[in-house]
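User: I'd like to go through this structure with you, one question at a time. Could you keep the reasoning short?

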Amino acid sequence: MGYRSEVILAIGPEVMPQFMVTMAKSEEARKLCWSDHCEMIKDYCDIKGAFLFRWSSIKWYDSYEEISALQDFVNWCASERIEVEGKDVDTSEFYRFVRIGEEMDDNEAEGWGFDIHIERSATY
């Protein structure tokens, strides 16, 4: 069975070259992103070259090669700077990673590039 998460990764065209390096290095990550997603939106938010990937009920363990590869990409985005239109900018502006675990306090959100957030609510 295992512990499952809901995961969204949104990538702007500014960090797409590094994402493609990740894809080239990991066949399993390529399969996860391009075939095994629950949803993929090309040109997300009407931004040419932006992508959103969503996985539902996924085992998001760093011990899995494909997850480790994607986590390495997210870590790169969280710590690098790139040149965009002649300006040195923080890569965190060009991606968003959100993971919702099964437990109420097991959530992750990184990057600021897209308006994707976590909402948990009780309804009746």
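**Salt bridges, cores and a helix**

User: Which residue does E108 meet in a salt bridge?

Analyst: A salt bridge here is a side-chain nitrogen of Lys or Arg within 4 Å of a carboxyl oxygen of Asp or Glu. The model is predicted, so local features need pLDDT of at least 70 and side-chain atom pairs count only at pLDDT 80 or more, while totals for chains, interfaces and linings use all residues. Residues are numbered from 1 along each chain as its sequence is written, and side-chain values use heavy atoms, with hydrogens and water left out. With N to O at 2.7 Å, the side chain of E108 pairs with that of R99.

User: Is R99 buried or exposed?

Analyst: Buried means under 20% relative accessible area, exposed over 50%, and partly exposed in between (1.4 Å probe, protein chains only). R99 has a relative accessible area of 7%, so it counts as buried.

User: Which residues are joined with R99 into one network?

Analyst: R99 also has a salt bridge to D106, at 2.5 Å from N to O. Shared partners link these salt bridges, so to speak, into one network with R99: its other members are D106 and E108.

User: Where does D88 find its salt-bridge partner, and how far apart are the closest N and O atoms?

Analyst: D88 is exposed because its relative accessibility is 52%, whereas R81 is partly exposed at 47%. The two form a salt bridge, and D88 reaches R81 with the closest N and O atoms at 2.8 Å.

User: What should helix α3 span?

Analyst: Helices are DSSP runs (H or I, at least four residues), and strands are E runs of at least two, numbered from the N terminus. The expected span is 1.5 Å times one less than the number of residues. Helix α3 has 15 residues (65-79), and its end C-alpha atoms lie 21 Å apart, which agrees with the expected 21 Å.

User: Which element gives the largest share of the largest nonpolar core?

Analyst: A nonpolar core is a set of buried Ala, Val, Leu, Ile, Met, Phe, Trp, Tyr and Cys residues joined through side-chain atoms within 4.5 Å. The largest one has 27 residues, with L9, W55 and L70 among those with the most contacts inside it. Elements giving two or more residues include β1, α1 and β3. The largest share, six residues, comes from α3.
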